[in-house]
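Hi,

Here is the structure I promised to pass on to you. Have a look at it first, and then read on for what turned up.

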Amino acid sequence: MSSSHTVVVIGAGFSGVMVAAHLLRTARLRVVMVNRSGAMARGVAYGTNSPSHLLNVPAGRMSALPNDPEHFLRFVRQSDPGASPGAFVRRSVYGEYLQHILAEAEHAAGAGALGRVVGEAVSVVPGFDGVRVTTAAGEELRADRVVLAIGHYPPAPPPGVPRTFLDSQRYVRDPWAAGALAAVPRDQPALLVGTGLTAADVALDLHAAGLPGAIAVSRRGLLPRPHDPSVPAPDSSHVPSGMGDGPRSLRAHVRAVRRCVREVTTGGGNWRQVIDALRPYTPRLWQSLGTADRHRFFRHLRPYWDAHRHRLAPAAGAAIDDLVASGWLAVCAGRFTRFDEHPSGVEVAFAPKGGGAERTVRVGAVVNCTGPATNALGAGDPLLADLLARGAARPDPLGLGIEVAPDGAVVGADGAPSSVLYYVGPFLRARDGEGTAVPELRAHAARTAGAVAAGLPVA
């Protein structure tokens, strides 16, 4: 491999790996991946080795390559020949799959085409001669282009949890940190703050570890709904009316979706078909909404959307149902009113949603299960802070991350898309409404890699 061009990819989860793989396969250039943990192709989602952590999308729909829908299924069948397209496999298998894709792309590109740097990028400075990337250790990398594939930050402090408790040994800030759940006492129930996908994973892990029980509390107490393999794929009849029309209010879209769900279920269909039929329309619908309506969605509707849109694998859903039915897991809606730590545990009080007497529980530990922080600007990322301070990026109107152009170019403080700095990852939810699912991210990764390669002068 010989090329005068270098692209630095910061981040090595799904987005970073796929951008790197596409570049290595389609362009004669050198790719350098920078990742603080050193675990390439794992990231938050696929770094787990727990057997109870399953993909929440069936294998037949999890190909990382937009033009090869059965690519992941063929990989799974190498070790499990009988795997069906509807199988929900372990998330660790998907991490192995991404490692396989990166290794194949590296081999095809030749020796020296892929470099790896273990460290935290803290500064990215675009200039006339390319881009300079600096790590926390002081290492400096020169590149023609930089792709940011960052955005999954540890959970933010949950509302109602006092700051004085955040430093307690009985508080688990990030359940995905290495060894975090090992600190949870095994002889007492645990309190899970949040009732989404993270809470489901943590509940299954703590049950397997032998805890006597857990209570999960969130503002609305909504557990993720499970997939139902018996439900047929959606068709045009499941698309709510008005999805292809011009701009409409959030209220109008919600009414249309609810009306369609009623019609479909009355006719013997399933609400999942309506939610899944919305997927191709989501970016266009989101972009048609004004900033005020987008704020309303995140404040009031997002928990309901997430519970129905981001579903559990059937086996995981059944396991959670069993934990609830047996009394091991209690799920409550409410807001916290008091945290009192004692030598033998933590006494937590919360006011149930809808009124009623304050409830008090005593637990051995409190686990933050609210998921990755959604307010990227408050996450304390030195790289993001540096980009904003230099004007190389600007925050999106919702404060979820940074503005990104359709081809992935980062939008600067002057409103112009960068010619050297690109982004792929969960910040795209500010632009498209969603930015975490593989079917969307694989398309973004391929598109951005193509824009990066096309923008480089011929060597």
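Leaving aside residues up to four places away in sequence, Leu223 touches Thr195, Ala307, Ile320, Val324 and Val331. Please keep in mind that this is a predicted model. Leu223 itself sits in the loop between strand 10 (214–218) and helix 6. Between Leu223 and Val172 there are 21 Å in space, C-alpha to C-alpha, and the two are 51 residues apart in sequence.

One of those partners, Ile320, also takes part in a helix pair. Helix 5 (residues 197–208) and helix 10 (residues 314–326) have axes that come within 10 Å and cross at roughly 65°, and the crossing is left-handed. On the helix 5 side the contact is made by Ala200, Ala203, Leu204 and His207, while helix 10 brings Ala316, Ala319, Ile320 and Leu323. Sorted by class, that contact has seven nonpolar residues, one polar and no charged ones.

Another partner of Leu223, Ala307, is among the buried residues of helix 9, together with Asp293, Arg294, Phe297, Phe298, Trp305 and Arg309. The cover over these buried residues includes helix 6 (250–266), helix 7 (271–277), helix 8 (282–288), helix 12 (429–432) and helix 13 (438–454).

How far apart are the end C-alpha atoms of helix 9 (residues 291–309)? They are only 22 Å apart, although a straight helix of 19 residues would reach 27 Å at 1.5 Å a residue. Helix 9 also has a kink of about 70° at Leu301, shortly before the proline Pro303.

Happy browsing, and best wishes!

How values were computed: Residues are numbered from 1 along each chain as its sequence is written. This is a predicted model: local features need pLDDT of at least 70, side-chain atom pairs count only at pLDDT 80 or more; totals for chains, interfaces and linings use all residues. Side-chain values use heavy atoms; hydrogens and water are left out. Axes are lines fitted to C-alpha atoms, for helices over the stretch in contact, and angles run from 0 to 180 degrees between N-to-C directions. Helices (H or I, at least four residues) and strands (E, at least two) are DSSP runs, numbered from the N terminus. A crossing is left-handed if the near helix is turned anticlockwise from the far one by less than a right angle, and right-handed if clockwise. Contact means heavy atoms within 4.5 Å. Ala, Val, Leu, Ile, Met, Phe, Trp, Tyr, Cys and Pro count as nonpolar, Asp, Glu, Lys and Arg as charged, and the others, Gly among them, as polar. The expected span of a helix is 1.5 Å times one less than its number of residues. The bend at a residue is the angle between axes fitted to the seven residues ending there and the seven starting there. Buried means under 20% relative accessible area, exposed over 50%, partly exposed in between (1.4 Å probe, protein chains only).
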